[in-house]
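Visitor: I am new to this structure and would like a close look at a single part of it. Could you choose one and walk me through it slowly?

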Amino acid sequence: MFMHFVIHLQMNGEKNSHLKILDYGSNIASWANLQKKINTKSIDLTIFDPFYDMQKIDFDLGFDFRIINDKKYLNDQSYDLTIFGSMIQYWKNFFIDLNSKNFDLSNFVLFTHTPLSLEKTFVSKQFSDYTGDQVIHSVTDLINLFEELSYSLKFKSTLSPEGASVEEKYMHKTIYANLLFSKE
C-alpha cells in the first residue's frame, strides 16, 4: 500500500521535486529495503525517533534522510506525507496532542500496522518484544478527529489481528489496520 501511494505521489508531482516524508516514531530499519522496491531518488525523509541518540549515521539508503529526536526540529518544516507506523498505541494522549495547535500535519497522513478498537479506547498488555501496556485507540474516534481536522479517509485495510498483540479477551474488538487520510 505505501509503495503504491509513494509512486502515485511521485507521478503526480512536479518533475525533479522531492517527496518530503515525516516518519513519526519510526527508525531506520523500516526504510532499509525500500530502494529495491521503488524509485527513491526523489524521497526526502525525516524520521522522528525520540530515543535516537543523534550519533552520526553512516548508512546509505539511496535517498536523503535525517533522524531527529526533538520535536523542536519539526516546527519549521512542512511535509507531503506524515506516517504514524505502529506507534500511536504507545502515545496515551495522541488525540489531545494531535488536535493541539502545536501539531502540524501534512496533506496526507498514513497509519500503518496500527491496533485500533472497534469500540471505545482501552488499555491492553502487549505480547511481543515489548510486554508493557498499549493504548488501543478507538478507530471511530480517530476517523472523527480527522474529519474535524478536514481530512477524509481515502484508504483502509486490515491485517491479521494477531499482529495487534493484545490480550486474548480484547481480540474480538480489535482491528490491526492501515489508514490513509487526505486533507480536503
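Guide: Here is a walk along one helix, followed by a visit to a serine and to some charged pairs. Please keep in mind that this is a predicted model.

Let us begin with helix H3, which spans residues 139-148. At its start, Ser 138 has a side-chain oxygen that comes to within 3.3 Å of the backbone nitrogen of Thr 140. Moving along H3, you will meet four buried residues: Val 139, Leu 142, Leu 145 and Phe 146. They lie on the same side of H3, because the arc they cover around the axis is only 125°. A general rule helps here: an α-helix has 3.6 residues a turn, so residues three or four places apart point the same way. What lies over these buried residues of H3? The cover includes helix H2 (94-98) along with three strands, S5 (108-117), S8 (151-159) and S9 (174-183). After H3 comes Ser 150, and its phi is positive, near 70°.

Now let us turn to another serine, Ser 124, which sits in strand S6. Ser 124 is buried, with a relative accessibility of 0%. A polar atom of the Ser 124 side chain lies 2.9 Å from the backbone nitrogen of Glu 167. Setting aside neighbours within four places in sequence, the residues in contact with Ser 124 include Gly 132, Asp 133, Gln 134, Ile 136, Val 166 and Tyr 170, as well as Glu 167.

Glu 167 leads us on to the charged pairs. Side chains of opposite charge can pair when their charged atoms come close. Glu 167 does this with Lys 169 in a salt bridge, where the closest N and O atoms are 3.9 Å apart. Of these two partners, Glu 167 is buried at 18% relative accessibility, whereas Lys 169 is exposed at 54%.

How many salt bridges does the structure hold? There are five. Another of them joins Glu 119 and Lys 173, with 3.8 Å from N to O. Glu 119 is in the loop between S5 and strand S6 (122-125), while Lys 173 is in the loop between S8 and S9, so this pair ties together parts that are 54 residues apart in sequence. Glu 119 is partly exposed at 45% relative accessibility, and Lys 173 is buried at 15%. One more salt bridge links Lys 72 with Asp 70, whose closest N and O atoms are 4.0 Å apart. Asp 70 is partly exposed, at 30% relative accessible area.

Notes. Residues numbered from 1 in each chain as written. Predicted model: local features only at pLDDT ≥ 70, side-chain atom pairs only at ≥ 80, totals over all residues. Heavy atoms only, no water. Buried < 20%, exposed > 50% of the residue type's maximum accessible area, 1.4 Å probe, protein only. Helix = DSSP H or I, 4+ residues; strand = E, 2+ residues; numbered from the N terminus. Arc of directions from axis to C-beta. Contact = heavy atoms within 4.5 Å. Polar contact = N/O pair within 3.5 Å; in protein donor to acceptor, adjacent residues only side chain to side chain. Salt bridge = Lys/Arg side-chain N within 4 Å of Asp/Glu carboxyl O.
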